[in-house]
Amino acid sequence: MMRKVVRSFDEWRVAARELIAGRIAPESVEWATSESDGDLFSAFGAQPHAAASQAALHLPRQLVEMLMAAGCFNTPDRWAFLYKVLWRWQLGQRDVVSAADPDGARLHAMVKAVHREEHDMHAYVRFRERKEEDGAPRFVAWFEPTHEVLPQVARHFARRMGGTSWMIATPAAAVAWDGERLHDMPPLMRSAADIDDAGEALWLTYYRSIFNPARVNADLLRSHIPSRFWKNLPEGAIVPAMVSAAANGERRTGQTSTVGRRSGATTIPVAAERAQPQRELPSTLDQCRRCDLWRNATQAIPGVGPSNARIMLVGEQPGDQEDLQGLPFVGPAGAVLDSALAEAGVQRDAVYLTNAVKHFKWELRGKRRLHKTPAQSEIAACHLWLEEELARVKPDVIVALGSTGLKSVLERGSATMQSVMDAPFEHDGRWVITVYHPSYVLRAPDEAIRQQAYEVIVNGLRQALELTAAPVRSG
């Protein structure tokens with residue numbers, strides 16, 4: 001049994017290259033994360049032999065990014081598991097990155113949890129201001145992350161806060177920004193109570209002034225902000241009392257006393273849409289309010305790809321991971337699509353990827369945000385942005401991924417996949433190919449149906465590649 005002691009992803013990568021070069025199977029390696037389990041340098045042994053130093057691991061960028069993210073997942077066997085994934089990939093078992101594979105499913109879950117933790121840290125880190133005479137850092141924050149995401153979150157705040165000095169402390173480590181560079185430090189604080197913020201009283205006064213007891217929804221508040229974050233939020237100390245007061249009668253202080261007292265039964269004969277004020281059309285996707293989906297989404301997700309792509313893939317809508325990361329097809333369905341693209345011989349970075357609806361529509365089930373199919377009115381409202389993408393990219397072939405994508409491309413709510421899946425057809429001077437959405441492969445009831453759906457996607461992508469060289473039929 002060989003022992004490897006690693007404490008970071010970079011150390012694991014060095015060790016993994018050596019092991020792969022030596023053809024050491026996962027079951028022959030014992031991974032440790034503490035020097036007390038063995039000396040770090042002796043654990044690595046001598047310098048890697050020639051075969052190890054010259055060994056090249058040819059991994060796709062997506063797999064490297066997934067391994068790096070999963071390396072932040074706080075579990076004792078993470079390094080052993082990541083090496084198992086790498087070992088299987090080197091053996092040619094490409095399904096190890098598929099969400100349909102047990103190891104792939106775990107890898108995706110780890111990546112999802114880490115990205116969720118990054119998102120939560122972006123949202124719930126609260127910087128407290130220090131007195132100017134105390135010097136740097138000017139702002140200090142305390143956070144208790146579940147996973148080891150401090151380095152990447154620190155880079156996010158370094159970009160956001162410019163030359164202002166700050167420090168983020170956690171139970172395991174701290175990172176400081178001096179305005180130019182990030183500095184890694186050992187743990188320096190025990191809790192948020194170690195921070196003295198003279199301006200916090202002013203913030204709490206402001207928070208109380210904007211709190212509207214007439215509109216408070218305690219259940220929604222708890223579902224949007226997990227309870228573990230409340231204890232470190234400045235407003236967390238006063239919100240319970242304000243929610244309790246709202247429930248005990250203070251709701252009426254947020255309501256005007258004249259509501260409901262007007263006499264008579266006057267009816268104004270005007271349609272609801274005409275009663276709305278005139279507004280300019282949004283000029284950017286982030287400004288879009290053409291339907292209500294923006295209210296519950298993290299962000300709008302635009303399409304990505306070359307501005308002169310010959311093939312455009314149109315899916316349904318962003319999913320949970322897309323909503324958090326700001327990119328289309330980066331979740332489990334995206335992994336299926338990547339596999340299908342590779343098998344069809346189509347390079348992902350050569351196609352334009354987008355969705356019919358640009359905001360994530362979801363419903364809460366427990367603590368999970370589950371996909372909810374967009375309504376036809378929402379598809380129609382979002383078609384403006386697909387038109388803009390089509391006009392800008394001018395693809396030769398559109399691949400509609402699923403029913404929603406097809407309805408948006410054709411601008412016809414009655415369009416069905418079954419009627420057009422037999423062969424490519426021409427629409428508005430372009431070829432259109434209809435295949436299943438990759439998410440259908442994940443949720444199909446049995447393996448035979450999943451395989452058949454996957455083959456339809458692969459064949460459709462192959463056809464799209466062939467049609468880029470074929471003229472569109474006229475008439």
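Tutor: Let's fix one term before we start: contact means heavy atoms within 4.5 Å. What you're looking at is a predicted model, where local features need pLDDT of at least 70, side-chain atom pairs count only at pLDDT 80 or more, and totals for chains, interfaces and linings use all residues. Residues are numbered from 1 along each chain as its sequence is written, and side-chain values use heavy atoms, with hydrogens and water left out.

Student: Okay, which residues is H115 in contact with, leaving aside neighbours within four places in sequence?

Tutor: H115 sits in helix α6; helices (H or I, at least four residues) and strands (E, at least two) are DSSP runs, numbered from the N terminus. With neighbours within four places in sequence set aside, the contacts of H115 are A69, Q321 and Q325.

Student: And is H115 buried or exposed?

Tutor: Go by relative accessible area with a 1.4 Å probe, protein chains only: under 20% is buried, over 50% is exposed, and in between is partly exposed. H115 has 18%, so it counts as buried.

Student: What about G162: buried, partly exposed or exposed?

Tutor: G162 is in the loop between α7 and β5, and it touches W177 and G179 once residues up to four places away in sequence are not counted. Its relative accessible area is 33%, so G162 is partly exposed.

Student: Which helix gives the most to the largest nonpolar core?

Tutor: Such a core is a set of buried Ala, Val, Leu, Ile, Met, Phe, Trp, Tyr and Cys residues joined through side-chain atoms within 4.5 Å. The largest one has 47 residues, and W12, W31, L82, Y83 and M121 touch the most other members. Several elements supply at least two residues each, including α1 (9-21), β2 (29-32) and α6 (102-124). The top contributor, with eight residues, is α5.

Student: How many residues are in the second core?

Tutor: That core is separate, and its members include L337, L341, V399 and L401. Two of these names, L337 and L341, are also among the buried residues of α14. The size of the second core is 26 residues.

Student: How far does α14 reach from its first C-alpha to its last?

Tutor: Take its 13 residues, 332-344; the expected span is 1.5 Å times one less than the number of residues. That gives an expected 18 Å, and α14 comes close to it at 19 Å.

Student: Which strands stand at the edges of the five-strand sheet?

Tutor: Two strands pair if DSSP finds at least two bridges between them. This open, mixed sheet runs in the order β9-β8-β12-β14-β13. A strand with a single partner has one side left without a neighbour in the sheet, so the edges are β9 (352-355) and β13 (425-427).

Student: Within that sheet, which residue of β12 stands opposite M312?

Tutor: Strands β8 (311-315) and β12 (397-401) pair in the parallel sense over four bridges. Opposite M312, then, look in β12 for I398.

Student: What angle does the direction of α16 make with that of β12?

Tutor: Axes are lines fitted to C-alpha atoms, for helices over the stretch in contact, with angles from 0 to 180 degrees between N-to-C directions. Helix α16 (403-410) packs on the sheet and touches β8, β12, β13 and β14. Its direction and that of β12 make about 140°.

Student: How many disulfides does the count come to?

Tutor: The rule asks for a pair of cysteine sulfur atoms within 2.5 Å. For C291, the nearest cysteine sulfur is that of C382, 6.3 Å away. By this rule, the number of disulfides is zero.
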